[in-house]
Amino acid sequence: LLCTLSFLCLIAGESIFGALSLVVASFFRGVFGYLAFPVLALLTFIGIKALIGFKVKSKSLKKFLAFFFVYATLIGLIWQTVTAQSLSITASLSEYLTVCYNSGISLAECTPGGVFLGFFAHSVAKFVTPLGAYVIYAICLVVVTVLLAKNKILNMIENAQTSAVEANEKK
């Protein structure tokens, strides 16, 4: 219920709950940035499904959702690092996180990941430079993509081998 109300505050602005909506929206945009929209939508969906009694039983669906979360987080980290260039990556971590949180006041100035991704993006960019951070994130994206596609590739190879064996048997 709280996630649903927070999501409504985020979407509708001050038209539903007035100034309270602006405070709630600013908080979630400061903490999660633009990711507040899908995070609150997902938590609302999960909350509704939990009330109904729905449980995810498929292991492959759970695995896919976990990989999707990691994939989305890595893309968010790249986006956060790109915007960090304009937010002064040379600032200290506390100054950078303050800027990320305070940018949640306005939707136009909001960061992609807020404080949540800003902590990781700033730390990695400070440790290895922003270019190094891009390389690390790209390598992680490739690994996640390979892991996601692994089963599909293996199935394609098995199907190709089966087709080749069947074709040889027909000759």
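Modeller: Before any residue is discussed, a word on terms: buried means under 20% relative accessible area, exposed means over 50%, and partly exposed covers the range in between, with a 1.4 Å probe and protein chains only. This is a predicted model, in which local features need pLDDT of at least 70 and side-chain atom pairs count only at pLDDT 80 or more, while totals for chains, interfaces and linings use all residues. Residues are numbered from 1 along each chain as its sequence is written, and side-chain values use heavy atoms, with hydrogens and water left out.

Biologist: Why is His122 called buried or exposed?

Modeller: His122 has a relative accessible area of 2%, and since the limit for buried is under 20%, His122 counts as buried. His122 belongs to helix α7, where a helix is a DSSP run of H or I with at least four residues, a strand is a run of E with at least two, and both are numbered from the N terminus. The C-alpha atom of His122 is 7.7 Å from that of Tyr96, although the two are 26 residues apart in sequence.

Biologist: What places Tyr96, Leu97 and Cys100 on the same side of α6?

Modeller: These three residues are buried in helix α6 (residues 93-102). They share one side of α6 because they cover an arc of only 95° around the axis, the arc being that of the directions from the helix axis to the C-beta atoms. In general, an α-helix has 3.6 residues a turn, so residues three or four places apart point the same way.

Biologist: What makes up the largest nonpolar core?

Modeller: A nonpolar core is a set of buried Ala, Val, Leu, Ile, Met, Phe, Trp, Tyr and Cys residues joined through side-chain atoms within 4.5 Å. The largest one has ten residues, namely Phe67, Leu74, Leu77, Leu117, Ala121, Ala125, Ala133, Tyr137, Leu141 and Val144. Two elements, α5 (59-84) and α7 (114-170), each give two or more residues to this core, and α7 gives the most, with seven. Apart from this core lies another, of eight residues, including Cys9, Leu10, Phe32 and Ala36.

Biologist: Which residues does Val144 touch?

Modeller: Contact means heavy atoms within 4.5 Å, and, leaving aside residues up to four places away in sequence, Val144 touches Phe67, Val70, Tyr71 and Leu74.

Biologist: Why is Leu8 called buried, partly exposed or exposed?

Modeller: Leu8, in helix α1, has 38% relative accessibility and therefore counts as partly exposed. Together with Leu1, Leu5, Ile16, Phe17 and Leu20, Leu8 forms a nonpolar surface patch with about 590 Å² of accessible area, calculated by the Shrake-Rupley method with a 1.4 Å probe, only the protein chains shown counting as cover for residues. Patches are made of residues with over 30% relative accessible area and no salt bridge, like charges being joined within 9 Å and nonpolar side chains (Val, Leu, Ile, Met, Phe, Trp, Tyr) within 5 Å; a salt bridge is a side-chain nitrogen of Lys or Arg within 4 Å of a carboxyl oxygen of Asp or Glu. Both α1 (2-12) and α2 (14-17) supply at least two residues of the patch.

Biologist: What is the phi of Thr129?

Modeller: Thr129 has a positive phi of about 80°, although it is not a glycine. As a rule, most residues other than glycine have a negative phi. Thr129 lies in helix α7 and, at 45% relative accessibility, counts as partly exposed.

Biologist: How many helices and strands does the protein have?

Modeller: The protein has seven helices and zero strands.
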